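I opened a new notebook page for this structure. My plan is to look things up one at a time and write down what turns up.

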Amino acid sequence: MDKNKAIIVTWCFTSSNYGELLQAYAMQSILNKFQIEPVTVSFLDAASRKSLKKNTIYKENFIWHYKFRKFISRHMGAVIQCENKEEVEKVSSDAHIYICGSDQIWNPGYYSNNSVYTLKFGKKDAKRIAYAPSIGLSRLLSSYEKRMDIMAADIQKIDYISVRENTAKNILAARTNRDIQVVLDPTLLISRKEWQRLSSKRRIREKYILVYVLGEIDIYEGLIHQTADKYQADSIIWLDMTKGNKLKGEKVRRVRMASPEDFLNYINMSCAVVTDSFHGLMFSIKFKKPFYILKRKYEKKYLGEDPRLDDILDRLDIKERVVRNGEDIKKMDTEINYQRIDTRLKEEKKRSTEFLKAALSGEKR
């Protein structure tokens, strides 16, 4: 086996999802800095892939997928799509390190009995590391309990275990006897300059706020326009990701099928960001932008707490950036104290890097 080759099992190209792809890029970039050759396995079993292809939005995403593939060919090393455990076994046969994460690959709603996401494959003497996978739930539904118990039993055999949020740690700690660390999403371990190098050239010269909302948006229309007025923005750039969403107003400029490079550019060049997305927040922080966090809403209902967002907002002490109405917008500062955030982020980054360094070198913790 090649001791300088690592297999990363994650979601990388299951849909046109910027966070999914960019966290996979970040993990490869981090391993390259450790002088380890990364091979990303974007795993989605045949049944799940077939179901995804029936989705109308997926069918409309041909151009999006082309742009994502172009990003991979330009900026990433090997990325291999696998649909079954046998394919993963074949790809990983010459690697010495197996890594799973990040993203919601441990969400029990998606977890498969094949145990690929918990690295239950390959050589017995390979080093197995979980870096920042997410469960994505604040509490378990009763229907998930049995599946979570199975997953926890598989996790026991991983050599080094970390997760992305404290709720995931607590859920797993109740089912395992393992030391579980909470670490940063890999996108936050990459320097701002590296992300800026990847971003495209400035697309829009005028002053704008960026809206990146994955849930329903109509209830937030007034709030979004208030934010634009607060920053005296000439326009509202709306990255429209969901079929059927509508955002009205003369200032609104709807953008569909932006490339990953453009996604980075739109955040980097904005004067503020309004988002309900975890990675929308991650890149707002990386580019030091004022941001406003919305509670995600589907079918006129709020989804409640998002443990991924709530956890990082708490750890960086920025919970006050969650907005619910126009009054919250009026009261909130236009600028964010990034000196305070950077201090906390430096500590979190050190802890996360030390975990990964120890895991890759085989150090005892």
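**Entry 1: terms and salt bridges.** I start with a term: a residue is buried under 20% relative accessible area, exposed over 50%, and partly exposed in between. I also note that this is a predicted model.

How many salt bridges does a search of the whole structure find? I get 22. As background, side chains of opposite charge can pair when their charged atoms come close.

I looked up three of the pairs.

Arg 254 forms a salt bridge with Asp 240, and their closest N and O atoms are 2.7 Å apart. Arg 254 is in strand E10 (residues 252-255), while Asp 240 is in the loop between strand E9 (235-239) and E10, so the pair ties together parts 14 residues apart in sequence. Is Arg 254 buried or exposed? At 51% relative accessibility, Arg 254 counts as exposed, because the cut-off is over 50%. Asp 240 is buried, with a relative accessible area of 2%.

Next I took Arg 315, which forms a salt bridge with Glu 348. The closest N and O atoms are 2.9 Å apart. This pair links distant parts of the chain, 33 residues apart: Arg 315 belongs to helix H12 (residues 307-315) and Glu 348 to helix H14 (residues 338-361). Both Arg 315 and Glu 348 are buried.

The third pair is Arg 340 with Asp 317, with the closest N and O atoms 3.8 Å apart. Again distant parts of the chain are linked: Arg 340 sits in helix H14, Asp 317 in the loop between H12 and helix H13 (326-331), 23 residues apart. Arg 340 is partly exposed, with a relative accessible area of 30%. Asp 317 also counts as partly exposed, at 29% relative accessibility.

I then asked which residues are joined into one network by salt bridges that share partners. They are Asp 311, Arg 315, Glu 348 and Arg 351.

**Entry 2: a charge without a salt bridge.** I turned to Asp 103, in the loop between strand E4 (95-100) and strand E5 (127-130). Asp 103 is buried yet has no salt bridge. Which side chain of opposite charge is nearest to Asp 103? I found Arg 164, 4.7 Å away. A salt bridge needs the atoms within 4 Å, so this pair does not count. Leaving out residues up to four places away in sequence, Asp 103 touches Thr 10, Trp 11, Glu 20, Gln 23, Ala 132, Pro 133, Ser 134 and Arg 164.

**Entry 3: nonpolar cores.** In soluble globular proteins, nonpolar side chains tend to be buried together. Here the largest nonpolar core has 69 residues. Which members touch the most others? I list Tyr 131, Trp 195, Ile 285 and Phe 291. Helix H1 (residues 18-33) gives the most to this core, with nine residues.

I followed Trp 195 further. Residues up to four places away in sequence aside, Trp 195 touches Leu 22, Tyr 25, Ala 26, Thr 187, Ile 190, Leu 264, Phe 283, Lys 286 and Phe 287. Apart from the largest core lies another, of 37 residues, including Val 88, Trp 106, Tyr 117 and Ala 126.

**Entry 4: two helices.** Which residues of helix H7 (residues 166-173) are buried? They are Ala 168, Ile 171 and Leu 172. These residues cover an arc of only 95 degrees around the axis, so they lie on the same side of H7. They pack against helix H6 (145-155), strand E6 (160-163) and strand E7 (180-182).

Then I checked helix H10 (residues 260-268). Nine of its nine residues are buried, so H10 is largely enclosed by the rest of the structure. Among them are Glu 261, Asp 262, Asn 265 and Asn 268, alongside Phe 263 and Leu 264.

**Entry 5: cysteines and one strand.** I searched the whole structure for disulfides and found zero. Why does Cys 82 have no such bond? The closest cysteine sulfur, in Cys 12, is 12 Å from the sulfur of Cys 82, too far for a bond. Cys 82 is buried, with a relative accessible area of 1%. Cys 271 is buried as well, at 17%.

Last, I looked at Gln 81, in strand E3 (residues 78-82). Gln 81 is partly exposed, with a relative accessible area of 32%. Its C-alpha atom is separated by 4.8 Å from that of Ser 42, though the two residues are 39 residues apart along the chain.

Key:
Residues are numbered from 1 along each chain as its sequence is written. This is a predicted model: local features need pLDDT of at least 70, side-chain atom pairs count only at pLDDT 80 or more; totals for chains, interfaces and linings use all residues. Side-chain values use heavy atoms; hydrogens and water are left out. Helices (H or I, at least four residues) and strands (E, at least two) are DSSP runs, numbered from the N terminus. Buried means under 20% relative accessible area, exposed over 50%, partly exposed in between (1.4 Å probe, protein chains only). Lys and Arg count as positive and Asp and Glu as negative; His and the chain ends are not counted. Contact means heavy atoms within 4.5 Å. The arc is that of the directions from the helix axis to the C-beta atoms. A disulfide is a pair of cysteine sulfur atoms within 2.5 Å. A nonpolar core is a set of buried Ala, Val, Leu, Ile, Met, Phe, Trp, Tyr and Cys residues joined through side-chain atoms within 4.5 Å.
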